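Colleague: I would like a close look at a single part of this protein, and I would rather have one connected account than a list. Please take me through the long-range contacts made by one helix and the space beside that helix.

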Amino acid sequence: MNVTTETEAYYFPNKMGRIVLLSLEEVMGVNGLNAVLNLARLQAFSGNYPPADFEMAFRFADMARLWQAIDEMYGPRGGRGLAIRAGRACFRHGVQDFGGLLGIADVALRLIPLSWKLRLGLQVLAEIFNHYSDQQISLEETDDAHLWISHRCGLCWERRTSHLACGLMIGLLDETCYWLSGGKHFDVEELTCVARGDATCTLQLSKQPLG
């Protein structure tokens, strides 16, 4: 059994759920997304995405079922690749709506040193999740990397897998750093995952761009 019975209800705002579905439609097409929604028993969202508001109504359990269905349909490797692509699309769909709320889209951000940009950008993104959703994010640093730590992760909520399951967050962080740096890629790696039995979902982002 990949998803256990939900013991507590946690939510994303409708707007976040909508962004994820729009991003999946972009990378899968409407028919592909509808097939996934049917497999996940989420047919209510087919052609009926959540409204673009901040009501806390998109359940963690439904988000997890969505990614479970993608893994079942495409396999863990294919599902992970698709999730990363969707995560990148989520940034493009979401930065205008969420970024401006906390200043991430301010032109002045482009003028500060790269190390400051990354630190500030990750802090802003974490604050968006912490403030607007029930997801709980903290940040830590090592000498050469930033650590993005999800203490309550809505992507793999109550899932049990043998593999790392937060590919969408990899794509979102990768695209965030790409935008902040003006077109540079950074190594983003998922180290631990609650779905796999770890205490947190922890992603490591290199401080220096690739190449």
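Modeller: What follows is a walk along helix H3 and its partners, with a short visit to helix H4 at the end. Please keep in mind that this is a predicted model.

Helix H3 covers residues 60–102, and its opening residue, Phe 60, is a good place to begin. With a relative accessibility of 0%, Phe 60 counts as buried, and Trp 157, at 15%, is buried as well. The ring centres of Phe 60 and Trp 157 are 5.9 Å apart and their planes stand at 75°, so this pair is edge-to-face, the cut-off for that class being over 60 degrees. The contact links distant parts of the chain, since Phe 60 belongs to H3 whereas Trp 157 sits in the loop between S4 and H5, 97 residues apart. Both rings also belong to one aromatic cluster, which includes Tyr 10 and Phe 12.

A little further along H3, Asp 62 forms a salt bridge with Arg 65, with 3.2 Å between the closest N and O atoms. This one is local: both residues lie in H3, three residues apart, or about one turn of the helix. An α-helix has 3.6 residues a turn, so residues three or four places apart point the same way. Buried here means under 20% relative accessible area, so Asp 62 at 10% counts as buried, and so does Arg 65 at 18%.

The next salt bridge reaches outside the helix, for Arg 159 pairs with Asp 71 at a closest N-to-O distance of 3.1 Å. Arg 159 is in the loop between strand S4 (145–152) and helix H5 (167–180), and Asp 71 is in H3, 88 residues apart. Both Arg 159 and Asp 71 are buried.

These two residues, Asp 71 and Arg 159, also appear in the lining of the second largest cavity, among them Trp 67, Arg 80, His 163 and Gly 167. The volume of this cavity is about 70 Å³, and a search of the whole structure finds two cavities of 30 Å³ or more. H3 supplies the largest share of the lining, six residues, and the lining as a whole divides into five nonpolar, three polar and three charged residues.

Further along H3, the side chains of Arg 92 and Glu 175 meet in a salt bridge at 3.8 Å, N to O. Because Arg 92 lies in H3 and Glu 175 in helix H5, the pair ties together parts that are 83 residues apart in sequence. Arg 92, at 44% relative accessibility, counts as partly exposed, whereas Glu 175, at 11%, counts as buried. Salt bridges with shared partners join Glu 26, Arg 92 and Glu 175 into one network. Across the structure, the count comes to 10 salt bridges.

Helix H4 offers another long-range contact. The structure holds eight aromatic pairs, and in one of them the rings of Phe 54 and Tyr 132 have centres 5.1 Å apart and planes at 35°, so the pair is tilted. Phe 54 lies in the loop between helix H2 (30–39) and strand S2 (56–59), and Tyr 132 in H4, so this contact ties together parts 78 residues apart in sequence. Phe 54 counts as partly exposed at 36% relative accessibility, while Tyr 132 is buried at 18%.

Definitions and conventions: Residues are numbered from 1 along each chain as its sequence is written. This is a predicted model: local features need pLDDT of at least 70, side-chain atom pairs count only at pLDDT 80 or more; totals for chains, interfaces and linings use all residues. Side-chain values use heavy atoms; hydrogens and water are left out. A salt bridge is a side-chain nitrogen of Lys or Arg within 4 Å of a carboxyl oxygen of Asp or Glu. Helices (H or I, at least four residues) and strands (E, at least two) are DSSP runs, numbered from the N terminus. Buried means under 20% relative accessible area, exposed over 50%, partly exposed in between (1.4 Å probe, protein chains only). On a 1 Å grid over the protein atoms alone, a cavity is a set of points where a 1.4 Å probe fits but cannot get out, and a pocket is an open set with protein on both sides within 12 Å along at least five of seven lines; lining residues have an atom within 4 Å of a point. Grid points are joined across faces, edges and corners, and a volume is the space filled by probe spheres set on the points. Ala, Val, Leu, Ile, Met, Phe, Trp, Tyr, Cys and Pro count as nonpolar, Asp, Glu, Lys and Arg as charged, and the others, Gly among them, as polar. Rings of Phe, Tyr and Trp (its six-membered ring) pair if their centres lie within 6.5 Å; planes under 30 degrees apart count as stacked, over 60 as edge-to-face and the rest as tilted.
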